[in-house]
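Biologist: I have a structure to look through and would enjoy some company. Shall we take turns with questions and answers?

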Amino acid sequence: MELKDLVGVGPKTLNYLNDLGIYNMDDLVKDYPYRFEVLIKRNIDDERYYDSFVSDGVVQSIPVVSFFKGRMNRLTFRCNVQNKLVKVTIFNRAFLKNNITPGKTITIIGKYNPKTGTIIASNILLNKLENKVQIIPVYHLCKGITSKQLRNFINEGLKYYDIKNSIPDELMKKYDFISECDALKIIHNPTDEKTLKTALKTLKYEELFTYMLRVRMLKKKNEEHNKSFIKNINEEKVNNFIKSLPFELTKDQEKVTYEMLDDLKSDTKMNRLLQGDVGSGKTVVSFVLAYASSTAGYQTAMMAPTEVLAKQHYKNALDLFKNTGLKVALLTGKMKSKEKKEVYENLKNNKIDLLIGTHALISDGTEFNSLGLVITDEQHRFGVNQRLKLKNKSISPDVLMMSATPIPRTYALTIYGDTDVSSIKSMPKGRKKVITYVKKTDEVKDVLQGVYAALKNNNQAYVISPMIEENEETDYTNVNDLKHKFELAFKNYKVGMLHGKLDDEEKEKVMQEFKEGKINILISTTVIEVGVDVKNATVMVIFDADRFGLSQLHQLRGRVGRNDLQSYCYLISDKDTKRLKIMEEENDGYKISEADFKLRGQGDLFGSRQSGALTFKLSDVRRDYDLLVKVRDDVNEYMKNKDFSG
Ligand code: ADP
Ligand code: MG
């Protein structure tokens, strides 16, 4: 049976259904209400005020419609409610006039005032209240379809559409679920809260179960082996390397390092997300792991989302590993093919222990000799497909993903199926909270003063230029403009600029000069958003701050405050200041992302690429986290007992 076979669904209605995201019978019967209105009939009395009064009544007079303020209207009529005559008013429902006729029984929901005998209705249903408690499913609607029509289609569909249980029998029994078919009937036609709860429970479970099962099957298909090689790590060497670092690891860094070293040593594949706020020091942890792998004879691939970042990691690695004999190489898309060839050769011949690069790492030319560990920095920047591709470069390397955009465990679980999560919660010693100010464009003078103070103190400043659109041409104009302005304002200082139109070498040169302090103010587009580490920078100025998500602002702000000096961040905008003010208060990336999530929706948290995987119809991965964990375990158990080779 198809949608178009339903009574009343012609080509036009079919289009409307499509608008609601309903393309087939399955979509239709699973077009769940987004909320339920629970109506409990109230007893009218002469004393009691009700904010939400509900009762049916019989219409006593022809409604009068009056218009005011141009577009608004008010509909008024008298009604017999539990033998009391009340005056009912409802706003902007003039269209109901012809349906509210004397003698008809209707249900009124609204605010009741016993002194005046009036009800200001928020809603009027054109039928009797059948039970003392009535639950009304509320659906997302679009132009062309009423709630009543939609429910008719759904119920019609439920009659003819064959719904098979996707929850296996043993789990149905275990949790006392009802059949999916019954559950669907109930959710669209709820009679009481108890059965509705059971139905919801069943369908939520079903939703998460089918999803998890799919994720796990995919995973299984993608990985021939879940086993990894046991890495015979030379622990003494690793410990010595840790001791040789220019600083002492923080407690959290140490903890996660040893946690992951255990993963590497075991024969089960490591699949771990290392999460830590901007500046918490994830890179060095990943380097320790790369070093450990090399002592066991395995190569490591480290993938960064931008060239600038890949190069920074490369430089750091060269520095950290200079006395260890570990061989580091860089591979980026823009390298000359001769250079690339050389890298490919060395990689194949095991002359490289750690290869750092951009997505060029997963190009077809790369062939590792003994890839044992894959690290992706700023994990959330990569699409799912890219990750899978890199993993396939070896039979089954251990995988470490790093992200500063805090991915709540819930998401980790749903996006990545079964990823372990390690967190670095503390910052290296001596770090100060970055003081943040939201400033109007006409307060730019204050900002310049802040910049000046930093420069006078031999510190440096980042200035993120306004962003009109993601267009290299206009971005360039903006950066260039701003550079001139800053040059005028800071005559004795050197202003540099970084933008998408620079070629690699130029970018590199600018970054290097900034690092060395030869450039005092770096004007930039958001190329520097992730990962860049210049300790001496203490001021971050962001123009058009309202154009960014809070998490992104937090990332940008994280470029400063990387030493024991007081750093400052200025967010310049005339709009959206309420949202931006959150940045003044909050310095915790996790909380900021929560706030961002609430304000902008989950899509923005990960970029559009991954958001699709996160949206469920019934379940909310935050709220239903416990259920999600249960489902994951059930799916694992289920897969263990079934043969899915076919
Ligand atoms: P992120 O976690 O944002 O990637 P980085 O790895 O770039 O952070 O580290 C931020 C800065 O802190 C770097 O300059 C790094 O050298 C420094 N750092 C890392 N760990 C420590 C530590 N334990 N003590 C002092 N400084 C550290
Ligand atoms: Mg980093």
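Biologist: Over how many bridges do strand 13 and strand 14 pair?

Modeller: Please keep in mind that this is a predicted model. Strand 13 covers residues 371–376 and strand 14 covers residues 398–403. They pair in the parallel sense, and the number of bridges is 4.

Biologist: Which residue in strand 14 is the bridge partner of Thr376?

Modeller: Strand 14 spans residues 398–403, so to speak the place to look, and Thr376 has its bridge partner there. That partner is Met401.

Biologist: What is the order of the strands in the open sheet of 7 strands?

Modeller: The pairing in this sheet is parallel. At its edges are strand 11 (328–331) and strand 15 (420–424), each of which pairs on one side only. Neighbouring strands are turned against each other by 20° on average, with direction ignored. Reading across the sheet, the order is 11-12-10-13-14-9-15.

Biologist: Now the open sheet of 6 strands: why is one side of strand 16 and of strand 18 left without a neighbour in the sheet?

Modeller: The pairing here is parallel, and the order is 16-21-20-17-19-18. Strand 16 (435–439) and strand 18 (495–498) stand at the edges, so one side of each has no neighbour in the sheet, and each has a single partner strand.

Biologist: By what angle are neighbouring strands of this 6-strand sheet turned against each other on average?

Modeller: We ignore direction and take the average over neighbouring strands of the sheet. The value is 15°.

Biologist: Which residue in strand 21 is the bridge partner of Val541?

Modeller: Strand 20 (residues 537–542) and strand 21 (residues 568–572) pair in the parallel sense over 4 bridges. The bridge partner of Val541 in strand 21 is Tyr570.

Biologist: Let's turn to strand 4. Which residue stands opposite Phe77 in strand 5?

Modeller: Strand 4 and strand 5 (residues 84–91) pair in the antiparallel sense over 8 bridges. Their hairpin has 2 residues between the strands, and Gln82 takes a positive phi near 45° there. Opposite Phe77, in strand 5, stands Val88.

Biologist: And which residue takes a positive phi in the hairpin of strand 3 and strand 4?

Modeller: Strand 3 (residues 64–68) pairs with strand 4 in the antiparallel sense over 5 bridges, and Val64 has Thr76 as its bridge partner. The hairpin has 3 residues between the strands. The residue with a positive phi, near 45°, is Lys69.

Biologist: Next comes the ligand. Between which domains does ligand 1 lie?

Modeller: Gly279, Lys282, Thr283, Asp533 and Lys535 come nearest of the 17 residues around ligand 1. The shell divides into 4 nonpolar, 6 polar and 7 charged residues. Two domains both give residues to that shell, so ligand 1 lies between domain 3 (235–424) and domain 4 (435–586).

Biologist: How far is an oxygen atom of ligand 1 from an N or O atom in the side chain of Thr283?

Modeller: Polar side-chain atoms come up at several places around the ligand. A nitrogen atom of ligand 1 is 2.8 Å from an N or O atom in the side chain of Gln253, and a polar side-chain atom of Lys282 lies 2.7 Å from an oxygen atom of ligand 1. For the side chain of Thr283, the distance is 2.6 Å.

Biologist: How much of the accessible area of ligand 1 does the protein cover?

Modeller: On its own, ligand 1 has 560 Å² of accessible area. The share that the protein covers is 88%.

Conventions:
Residues are numbered from 1 along each chain as its sequence is written. Chains are lettered from A and ligands numbered from 1 in the order in which they are written. This is a predicted model: local features need pLDDT of at least 70, side-chain atom pairs count only at pLDDT 80 or more; totals for chains, interfaces and linings use all residues. Side-chain values use heavy atoms; hydrogens and water are left out. A residue is near a molecule or strand if one of its heavy atoms lies within 4 Å of it. A polar contact is a pair of N or O atoms within 3.5 Å; within protein, one must be able to donate a hydrogen and the other to accept it, and residues adjacent in sequence count only if both atoms are side-chain atoms. Accessible areas come from the Shrake-Rupley method with a 1.4 Å probe; for residues, only the protein chains shown count as cover. Ala, Val, Leu, Ile, Met, Phe, Trp, Tyr, Cys and Pro count as nonpolar, Asp, Glu, Lys and Arg as charged, and the others, Gly among them, as polar. Domain bounds come from an automatic or database domain assignment. Two strands pair if DSSP finds at least two bridges between them. Axes are lines fitted to C-alpha atoms, for helices over the stretch in contact, and angles run from 0 to 180 degrees between N-to-C directions.
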